[in-house]
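Please take me through this structure in the viewer, stop by stop, telling me what to select next and what is to be found there.

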Amino acid sequence: MNLDVPSGRRKTIKFRTRNFSIEDERYWIQPSRCTSVDMSSREIINKLNEMEQEEKLFITYDVIEINPKFATVGGSIFEFINNSMRPVLKCHLSQVKDTNMLHLIAASFFKRSDLHEIWAKCEYPIFAGLLVVYVSNKMRKLFLEQHEPVIAEAFEKIQDTFDDECTALLDQCFHNSERDTRAVLDTNYHLFIHTDGCPSTAEDMEVMALAAAAKAKNFLSHPACQREIDFRWQPGFKLGQMAFCLFFFFPPLFFLRGRQRIKKREIKTMMVKMDMAGEMTSITYSNFMIRVYNFYTSPNAKYVIHTLFRLIYVIFYAYVLMTMTRKTMVMNELDEFLDEMAIIVWQCAYLTEMAVLVYQRVCFNSEMYSEVYTNQFFQGFYNWAERNTADLYRNYLVAMTMIAWSLAVIAPPTWPIRAFAIISADLFFYFSFVFATLRLMKIANVDAFFGSIVLMIKKMIPIMVKFMFVFMVFWFTYAVCHISLAGHLKSTPNITDVVWPWLLFSSGAFEIFGEADEEDKLGTVSKCSSAPLNWDVITDSSVQCWFKTSMIPVFLFCYMLVSSVLLVNLVTALLSKKYEDIDKVSHIYWKYKLYSRLIEYEEKLWIPAPLSLVFYILKFIFYFLSKIPFIGAIFECFMKVLRCFEGTNYARDRRKNRRYEAVMNGLIKNSDRWTGPTEEEKNAVQSVRDQMKIMEQDRKRKRYETDLLRHRFEEIMSEIEHTNRFKRIRSQTFNNA
């Protein structure tokens, strides 16, 4: 079905309100209800109706909710697909030029078998292939949540297949020309895929960003992507992480050993400047001093600065905890815990950084979509939390610590809640320290060996957490029986509700690791002697004591047999299997995560916490002062100085520099008027198309050879069968004769 619609021409068709059920045949053929649908959208909806009638995927498994705006299931599916693809396409589906790409997107949502044939017809194959990976990943997660592992496995297979296909296409481009391949990775496909006049052409999204969103691990692990990531992470010099730290803190090493570590193939134009005559000239990384400058302004330098302050934070936190002597919190005696207040202020800087990043994403969404502000806020918060999960949990602990700390200081001493607030504040304060020290393991991700170990620990922790429930079942059973038999509660004077949870924990906790108490081995019971039962004088108390003293060792033996032998070996076997599975792909996963780390530190503020809190306060004050007439220009200059310490977006900066290159090459006179792709991007897109044609021809040739071999094999088997039948008939004729 042809989905082409002439640009600049738009038809709207209005339909009357009618009610249909899902089982009604008319439900599948009526395009919409009470809505204006443009011609291209109507064509897509009709195609989706056909696919849903064949596959019965969305309605059967309750993937979507029927939208009352549409009279067909295709309309509801169309809106679902449109909302799912908006984070990467940044536009409505009807604003995509390539109809084959639209067909590919729709077919990938239905896991069609003809995806490869459609993919070969797309104008932008590498971008379209990664879109299939993105769709398959989203649908795999959706069906896992729907508890449909078979369908989720089918989408996972498509995801892995197209990840490998896109990687093979990138590899072919890489072996053809490394320079052109780096241009392919830098290409902003939003300049190509949208219709004329679409506002999404102003968006910036590189190919690796789409691959990261699609979880295309093999694609990002390719040497072409890894070289691009390394170029942006640490430009100019070829250094290991330890050597980078030495050069960073001891600049004279550049003049001693720097020229021996210069990267030879970095020829990108990343900066422009204006000379004395007013003409723009490009700056490459061939100049030694420019390389040193880019060394100190690289994301790796920012990483070193933030890591240094994080180490200082943990050391200072440990010092505060070890020297903490106060037993209560009083408003008039705040000088006794000023060091704790310093930690709280440091943690406020983390909360402020989170709020600023969420606000930036909210502003970005408000520029693109006209939604309710509340939805924009939650969407911005969700986007930040999805990329910074560890920071989210840390900020949760920080927020709970500040709330409990405030209640403990403000609440009057007569309020019972004050005592629990003090305990809660201390508890969250300790938990924050534990989390801060564990977060130091993130520093090791820059190294391949330690990064793989951190990955394995991260993947094994869920197994331990889930298996803890099995331990706790046996643990609780033994603890209750042990406390009852030993009579600990009755023997403890002034028993309170705070004591018995500790007894439940201590009874059976260390027995898991084979450390049994001597009293439990002997069966010691309070108010009972350990002497054997006297059969001549049998009383109720003597029999009960004998029963309890005998059963305690029996329960201990059974519990240690199950926990120390069975459960510990079982969880060890599970962890070993998990280790073997992760070890096969740990290097790929580590390389895949390098891009996320790169983006994180490219966009991160240069000033680390707690100094970032001062930065945001000054920026807030200067912003309002810059609105004042006459003196506002002075503070606007201060605002420009502060912007130098903010993070950058690589794709947006790259596009701006290409505009300047267009000015230098005489294509335009004003860089602000440059809206289209550069010649380098056009050549990069064309080179991918050429390599895709070569791959498709090679695939057809292999398919033809395979079909030819299969056909020849079938002929041989037919001849053999015919010969055997002839021999069998001949032997039967000979025997009858």
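Which helix supplies the largest share of the nonpolar patch? It is α20, from which six residues of the patch come. Since the model in the viewer is a predicted one, each stop below describes computed geometry.

**The nonpolar patch**

Select Val434, Leu438, Met441, Phe449, Phe450, Ile453, Ile457, Ile461 and Val465, which form a nonpolar patch on the surface and together have about 800 Å² of accessible area. Colouring by helix shows that α19 (416-439) and α20 (448-486) each supply at least two residues of this patch. Within the selection, stop at Phe449, a residue of helix α20, which counts as exposed because its relative accessibility is 54%.

**Spans annotated as transmembrane**

Next, bring up the segments for which the unreviewed UniProt entry gives "transmembrane region": residues 239-256, 277-297, 303-322, 392-411, 417-440, 461-485, 551-575 and 605-625. Two of these spans are worth selecting one after the other. Over residues 461-485 the chain is 100% helix and 0% strand, and the C-alpha atoms at the two ends lie 35 Å apart. For residues 239-256, by contrast, the span is 72% helix and 0% strand, with 14 Å between its end C-alpha atoms.

**The negative patch on α6**

Now select Glu153, Glu156, Asp160 and Asp164, which make up a negative surface patch. Asp164 is placed in helix α6 (residues 149-176), and with a relative accessible area of 42% it is partly exposed. Glu156 is also in helix α6, and its relative accessibility of 36% makes it partly exposed. From Glu156, draw a distance to Val133: the two residues are 23 apart in sequence, and their C-alpha atoms are 8.9 Å apart in space.

**Salt bridges**

A search of the whole structure finds 20 salt bridges, and a few of them deserve a closer look. Begin with Arg182 and Glu228, whose closest N and O atoms are 3.5 Å apart in a salt bridge. Arg182 belongs to helix α7 (residues 178-186) and Glu228 to helix α11 (residues 223-233), so this pair ties together parts that are 46 residues apart in sequence. Are the two partners buried or exposed? Arg182 counts as buried at 13% relative accessibility, and Glu228 counts as buried at 0%.

Stay with helix α11 and select Glu206 and Arg232, whose side chains meet in a salt bridge of 2.8 Å, N to O. Here too the pair links distant parts of the chain, for Glu206 sits in the loop between α8 (190-193) and α9 (207-213) whereas Arg232 is in helix α11, 26 residues apart. Both Glu206 and Arg232 are buried.

Move on to Glu636 and Arg643, which form a salt bridge with the closest N and O atoms 3.5 Å apart. Glu636 is partly exposed, with a relative accessible area of 30%, and Arg643 counts as partly exposed at 39%. Then select Asp698, Arg701, Lys702 and Glu705, which are joined into one network by salt bridges that share partners.

**A pair of cysteines**

Select Cys545, which is placed in helix α24 (residues 540-603) and is buried, with a relative accessible area of 15%. Adding Cys528 to the selection brings in a residue 17 positions away in sequence, and the C-alpha atoms of the two cysteines are 5.7 Å apart.

**Backbone geometry**

The last stops concern the backbone. Most residues other than glycine have a negative phi, and most peptide bonds are trans. Where, then, does a cis peptide bond occur? One joins Ala609 and Pro610, with omega at about 5°, and Pro610 lies in the loop between α24 and α25 (611-625).

Select Lys90 next, which has a positive phi of about 60° although it is not a glycine. Lys90 lies in the loop between α2 (73-89) and α3 (99-109) and is buried, with a relative accessible area of 13%. Finish at His147, a residue other than glycine whose phi is likewise positive, near 60°. His147 is found in the loop between α5 (125-145) and α6, and at 68% relative accessibility it counts as exposed.

Notes:
Residues are numbered from 1 along each chain as its sequence is written. This is a predicted model: local features need pLDDT of at least 70, side-chain atom pairs count only at pLDDT 80 or more; totals for chains, interfaces and linings use all residues. Side-chain values use heavy atoms; hydrogens and water are left out. UniProt positions are given in the numbering used here, feature names are shortened, and annotations may be inferred rather than shown by experiment. Helices (H or I, at least four residues) and strands (E, at least two) are DSSP runs, numbered from the N terminus. Patches are made of residues with over 30% relative accessible area and no salt bridge: like charges are joined within 9 Å, nonpolar side chains (Val, Leu, Ile, Met, Phe, Trp, Tyr) within 5 Å. Accessible areas come from the Shrake-Rupley method with a 1.4 Å probe; for residues, only the protein chains shown count as cover. A salt bridge is a side-chain nitrogen of Lys or Arg within 4 Å of a carboxyl oxygen of Asp or Glu. Lys and Arg count as positive and Asp and Glu as negative; His and the chain ends are not counted. The place of a charge is taken as NZ of Lys, CZ of Arg, CG of Asp or CD of Glu. Buried means under 20% relative accessible area, exposed over 50%, partly exposed in between (1.4 Å probe, protein chains only).
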